[in-house]
Amino acid sequence: MAEEKEFRYDPAAIETKWQARWAADPGMYAAEPPSCGKPKYYVLEMLPYPSGALHMGHVRNYSIGDALARHMWMRGYNVIHPMGWDAFGLPAENAALKNNTPPREWTLSNIAAMKRQFERLGMGFDWATEVTTCMPDYYRWNQWFFLRMYEKGLAYRKKSKVNWCPECCTVLANEQVIDGRCWRHEDTIVEQRDLVQWFLRITAYAQELLDGLDRLDGWPEKVRTMQRNWIGRSEGTEVDFTFDGEINRGVGSREQGATRTKIRVFTTRVDTIFGATSVQLAPEHPLVNALTREDAALREQVSELLEEQKKARETGDVGEIEKHGVPTGRFAINPYSGERVPIWVANYVLLDYGTGAIMSVPAHDERDFEFATKYGIPIRRVIASADPNAPEPALPFTTKDGVVINSGEFNGLPYGEAVKRFQEKAVRGGFGEPNITFRLKDWGVSRQRYWGTPIPMIHCERDGIVPVPDDQLPVLLPENIEITQQGGSPLARVSEFVDVACPKCGGPAKRETDTMDTFVDSSWYFYRYTDARNPCAPFDSKTAQYWFPIDQYIGGVEHAILHLIYSRFWTKMMRDLGLIQNDEPVQRLFTQGMVIKDGAKMSKSKGNVVSPDDMVARYGADAARMYALFAAPPDRDLDWQEDGVAGVTRFLGRVWRIVMKYAAVARGAAHGQSKTQSPEGVSLKLLRKLHQTTAKITQDFEGRWHFNTCVAAIMELVNEVQAADAQLAAGEVPAPVMHELLETLVLLLAPFAPYLAAELWEELGGEGAVLHPGDKDPSPRTSLLRQPWPKSDPGLAKEDEIEIPVQINGKLVSLIRVPAGSDAKVIEEAALVEEKVKARTAGKTVAKIIVVPGRAINLVVK
Ligand SMILES: [Zn+2]
Ligand SMILES: [Zn+2]
């Protein structure tokens, strides 16, 4: 017990000592210039929103990235490991409303607080390249990019139906509506409104965004699948049905036979078009407007359908809507068969998907089948099983593996051939063509809020929309303004901001008062890190070319659609502006699991939040970080248990005591003494474990990232060292072995528990103590961080092997080598793949295998 007291691990003392030393050396985590000749490594964790305090999810995210960065530094890479702040956004405005603090002040003080937390946690970020997106030196480049996109037709304005969050008092992008609710307000149902908005033409890159996913094999499959589904490419055919009869399109335009009204439908199954028994229109389809003009009863029914659709859009997936429709009493003519089919209006058909009109083929589509059954619409089979002997399949029969029937000249064709022939006929006849539609829509970036990047446009009565000239950037966000949530953007009420001279004619004009979606900020911030103080350009192209793509990006899977699609789009756009050469921003992506407690994600509303500050105060930063890595594989959810953190602190205390106890012995051998040749006994046992642990951790950093098992392996190693304590104390292990053992242990620990590792490193001889012949003198200020990562000696790591004779039918045919202590299964597997054994058993049956573990194996072969 006396010893326990004397050797008390005091994380607070150790960590504050090193924190002060590191703070005095702000360049220690800086990347080197490209000319350094080392291979580059860009490791990045997603930048946080400055809410004011880090949460445990952050601690986990950044512990993973920091361990990787430290490991790569030790592997001799030129590492860039930057950090910044996603600093625009709504909470700053809400805070301003609540406690009357200007958003900028609130944001900057939150950043300062969180930066202190990062520093206390010992995260190895290069703060010299810090990016804060709400600062004019950053957002001016958002504006610059916007102008470039406007010039290329990639930024445009249109009136459209938009998602409106009544809580945010602003428009949301489609990506920000989750199950019909606001991404920030889980309980708030998003409304639909008509507004004139700015859009970025992400759809211009839809196909490229989709194709690129195939090459992103360093991304989790689940993220790629989510993006594929979001982009939602469908290949199909557009076909014109002809409206049968006349239609009144309003004053003076009664259409006649020659200019027949066409109803263009989009279908992915044109091969089933002979089975179309109705045409279904979206309630907002222009033809429906024309039909309801003369028919009050129909008008009423359609407005009900529209109301249902609106509600379905607001509360969730329209796909789940209970399907309703009304017949219009009018007909359309199928251009292939000449058949007249009724025209219906249906609540599940959307105007903004495809053409807003579909053909309904109940025999071969689930949804159409349901609808036709409900309303008694005829069902006609036009696809049969490809096997003529198969029984007639049940309806709806939706396979693509059948053949066409009841379709005249197309009968007997399989799917692919049929689609081709149907499309050819449509093109020849001028009534249709192949087409591709995407679910992805253009990115609506207008926000009617204050705390964001002003959109650099001016509205002039004479000239219309006039872009702000480059030399007038940035358009500064005015400060000290009154923020309310009423009546649109707060900027609209700031006349010094709004009223300007038109850059073109000099006359009175008004600034655009919408600000940009904050996802613009995060779409390219990681390029800025490479050249963060550039006053003349968003970044230097050559420097970006050196660092990109990001070698490893780490963040939550909740960004799979929003941020990770927008930033891919932005990269392609910048490439087309000639700024960069890479097609994709991120080579490898890792999505860590959530931190949960008591069965739920930590959140203020659930009252299960654990504060990192508390954990650090109670157990130390090293323990909090290491627990975040140890408690679960990084890609899985982590169930937070405070006992676990306490356990890690106790473990670190054991490491500290062992190293402190034998540091003097190790130090005695530290300088210039060669390693022990052919160790034996307890030395061999400990070195073997050491080299096995090194191999395991090295492999994990290179591949599967099971840092939880890395920490467990270090724990096992420490257990073995402790178990040998009596022999160590008796001097049975020579000093050079002790030196290698303790030094390597500390190096292995360095990515996971940087404070304790630094302390023990110093204890073992400090800066540069491990100089081996041929090593360059590591810079003293970066000693541990730039120490070479330990190498595992495969000879030492190998378990002892024994030879085992293999007999076939009682005759010795070979000897195999297996690790000592191997069980029967391992011996059997090794014997069966041995060449001579394979030769003698080829084509024969091994009837019986008798293994005497450690002694022999006998095969009975017939
Ligand atoms: Zn909201
Ligand atoms: Zn003008």
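Along the chain, the donors of the zinc ion (ligand 2) follow the spacing C-x2-D-x38-C-x2-C. The model is predicted, so local features need pLDDT of at least 70 and side-chain atom pairs count only at pLDDT 80 or more, while totals for chains, interfaces and linings use all residues. Residues are numbered from 1 along each chain as its sequence is written, chains are lettered from A and ligands numbered from 1 in the order in which they are written, and side-chain values use heavy atoms, with hydrogens and water left out.

**The two zinc sites**

Here are both sites together. Donors are N, O and S atoms within 2.8 Å of the metal (3.2 Å for Na, K and Ca); water is not among the atoms, so sites may look incomplete.

| Metal | Donors | Donor distances | Donor angles |
|---|---|---|---|
| zinc ion (ligand 2) | Cys460 (SG), Asp463 (OD), Cys502 (SG), Cys505 (SG) | 1.9 to 2.3 Å | 106 to 116° |
| zinc ion (ligand 1) | Cys165 (SG), Cys168 (SG), Cys182 (SG), His185 (ND1) | 2.0 to 2.3 Å | 104 to 116° |

The site of ligand 2 is tetrahedral, and the site of ligand 1 is tetrahedral too. Four donors earn that word if all angles lie between 85 and 135 degrees. For reference, the ideal angle for four tetrahedral donors is 109.5 degrees.

How exposed are the donors Cys460 and Asp463? Cys460 is buried at 7% relative accessibility, whereas Asp463 is partly exposed at 28%. Buried means under 20% relative accessible area, exposed over 50%, and partly exposed in between (1.4 Å probe, protein chains only).

For ligand 1, the donor residues are spaced C-x2-C-x13-C-x2-H in sequence. Cys165 sits in strand 5 (residues 155–165) and Cys182 in strand 8 (residues 181–182), so this pair ties together parts that are 17 residues apart in sequence. Helices (H or I, at least four residues) and strands (E, at least two) are DSSP runs, numbered from the N terminus. Cys165 is buried, with a relative accessible area of 0%, and Cys182 is buried at 3%.

**A pair of crossing helices**

Let's turn to helix 8 (residues 221–231) and helix 16 (residues 562–576), whose axes come within 10 Å and cross at roughly 75°. Axes are lines fitted to C-alpha atoms, for helices over the stretch in contact, and angles run from 0 to 180 degrees between N-to-C directions. Helix 8 and helix 16 are therefore roughly perpendicular to each other, a label for angles of 65 to 115 degrees.

Which residues make the contact? Helix 8 brings Val223, Gln227, Trp230 and Ile231, and helix 16 brings Leu564, Ile565 and Arg568. Contact means heavy atoms within 4.5 Å. By class, the residues are five nonpolar, one polar and one charged.

His563 also lies in helix 16, and this residue is buried at 4% relative accessibility. Leaving aside neighbours within four places in sequence, His563 is in contact with Met46, Phe519, Ser522, Tyr525, Phe526 and Tyr553.

**Two loop residues**

Gln448 is in the loop between strand 20 (446–447) and strand 21 (457–460), and counts as buried at 9% relative accessibility. Gln448 and Leu491 are 43 residues apart along the chain, with their C-alpha atoms separated by 8.6 Å.

Arg704 is found in the loop between helix 20 (681–702) and helix 21 (707–723). Setting aside neighbours within four places in sequence, Arg704 is in contact with Lys696, Gln699 and Thr709.

Technical notes. Four donors count as tetrahedral if all angles lie between 85 and 135 degrees; four count as square planar and six as octahedral if opposite donors are over 155 degrees apart and all others between 65 and 115; anything else is irregular. Angles under 35 degrees count as roughly parallel, over 145 as roughly antiparallel, 65 to 115 as roughly perpendicular and the rest as oblique. Ala, Val, Leu, Ile, Met, Phe, Trp, Tyr, Cys and Pro count as nonpolar, Asp, Glu, Lys and Arg as charged, and the others, Gly among them, as polar.
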